[in-house]
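The exercises below ask you to read a strand arrangement and the surroundings of one side chain from the coordinates. Work through each task before turning to its solution.

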Amino acid sequence: MSNTSETIAKARDLVTQTRARSTPARVRVLAALLDAQRPLSHLDVLAALQPAIDRVTVYRVLDWLTEQHLAHKLSGDDRVWRFSVAPAPHHHAHFQCENCGRFFCLENVSSDLPVSLPAHFMARMVEITVKGICADCR
């Protein structure tokens, strides 16, 4: 997976908007997420980065991107975190294939569910994961 100059520029702009340093690692990892058609595990991100970036640096960048709300992470049944670009705000669902374990973003599913919270509770995010078998595994 190679990043286009347009993807790199978009990633650089998003990192710059956080008012933090725009490091090459932050830009390249975010560009990999922007190019992805599905949420990526840490290993998927490492495989997408050529030339390679140190795996610990990638972990730190993924955590930083999540803290900055540029990415969000979700955990599958295999307990592996996967990361994708966080739309602002995060209002979409995911589909997880029970056969191959891959995740896919579902853009046309509403996460606006009527949720009644106890007094003094505040919802920050609703995550929806639909599980089944993907087209490739069917």
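**Exercise 1.** Describe how β1 is joined to strand β3, and then place this pair in its sheet.

*Solution.* Begin with the pair itself: β1 and strand β3 (residues 81-85) run antiparallel and are joined by two bridges, strands being DSSP runs of E with at least two residues, numbered from the N terminus, and pairing requiring at least two bridges found by DSSP. Within this pair, Leu40 stands opposite Phe83 in β3. Next, widen the view to the open sheet, whose three strands follow the order β1-β3-β2 with antiparallel pairing. Its edge strands, each pairing on one side only, are β1 (40-41) and β2 (71-75).

The model is predicted, so local features need pLDDT of at least 70 and side-chain atom pairs count only at pLDDT 80 or more, whereas totals for chains, interfaces and linings use all residues. Residues are numbered from 1 along each chain as its sequence is written, and side-chain values use heavy atoms, with hydrogens and water left out.

**Exercise 2.** Decide whether His94 is buried or exposed, and identify the side chain with which its own side chain makes a polar contact.

*Solution.* First locate His94, which lies in strand β4 (residues 93-97). His94 counts as buried because its relative accessibility is 4%, the term buried meaning under 20% relative accessible area and exposed over 50% (1.4 Å probe, protein chains only). Finally, the polar partner is the side chain of His72, at 3.3 Å, where a polar contact is a pair of N or O atoms within 3.5 Å, one able to donate a hydrogen and the other to accept it.

Note on methods. Helix = DSSP H or I, 4+ residues; strand = E, 2+ residues; numbered from the N terminus.
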